[in-house]
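Q: I am new to this structure. Please take a close look at one part of it with me.

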Amino acid sequence: MKDRLITVIIPAFKAGNYIKETIQGVLDQTHTNFELIIVDDGSPDDQAEVIIPLAKEDDRIQYIKQKNAGVSSARNHGYRLSKGDYLAFLDADDIWLPNNLEKKLAK
């Protein structure tokens, strides 16, 4: 199970103040075989300025911007782009403990 690719999808809207911590929580996972798809749902704040540099530093991060269509649309957009064996959804204002993905795979 360790080699399984997990797609983490974060829909983001007005998350500029806390998205960096959310992303760091994913990057700190003990299970490192993941892709992180962040779908910017047409946010008017500065979240892109926070996300883009992080995406440039780590090729597991994919940043997508779409017109505002709501959280479900953003999640579905991320799903359509996913390549993982499993999906994990994360809200833009939540933070995972470092062993979150590892524990989920163990079940």
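Which side chains meet in a salt bridge at 3.5 Å, N to O?

A: The side chains of Asp-40 and Lys-65 do. Keep in mind that this is a predicted model. Asp-40 lies in strand β2 and Lys-65 in strand β3, so the pair ties together parts that are 25 residues apart in sequence. Asp-40 is buried, with a relative accessible area of 1%.

Now look at the two strands. Strand β2 covers residues 34–41. It runs parallel to β3, and 6 bridges join the two. One bridge pairs Leu-36 with Ile-61 of β3.

Next, the sheet around them. It is open and has 4 strands, in the order β3-β2-β1-β4, with parallel pairing. Strands β3 (61–66) and β4 (86–89) are the edges, each pairing on one side only. From one strand to the next, the twist averages 20 degrees. Helix α3 packs on this sheet and touches β1 (6–12), β2, β3 and β4. Its direction makes about 145 degrees with that of β2.

Back to the salt bridges. The count comes to 4. Among them is the pair of Arg-60 and Asp-58, at 2.7 Å, N to O. Arg-60 is partly exposed at 22% relative accessible area, while Asp-58 counts as buried at 14%. Another pair is Arg-75 and Asp-91, with their closest N and O atoms 2.9 Å apart. Arg-75 lies in helix α3 and Asp-91 in the loop between β4 and α4 (100–106), so this pair ties together parts that are 16 residues apart in sequence. Arg-75 is partly exposed, at 24%, and Asp-91 is also partly exposed, at 32%.

Definitions and conventions. Residues are numbered from 1 along each chain as its sequence is written. This is a predicted model: local features need pLDDT of at least 70, side-chain atom pairs count only at pLDDT 80 or more; totals for chains, interfaces and linings use all residues. Side-chain values use heavy atoms; hydrogens and water are left out. Two strands pair if DSSP finds at least two bridges between them. Axes are lines fitted to C-alpha atoms, for helices over the stretch in contact, and angles run from 0 to 180 degrees between N-to-C directions. Contact means heavy atoms within 4.5 Å. Buried means under 20% relative accessible area, exposed over 50%, partly exposed in between (1.4 Å probe, protein chains only).
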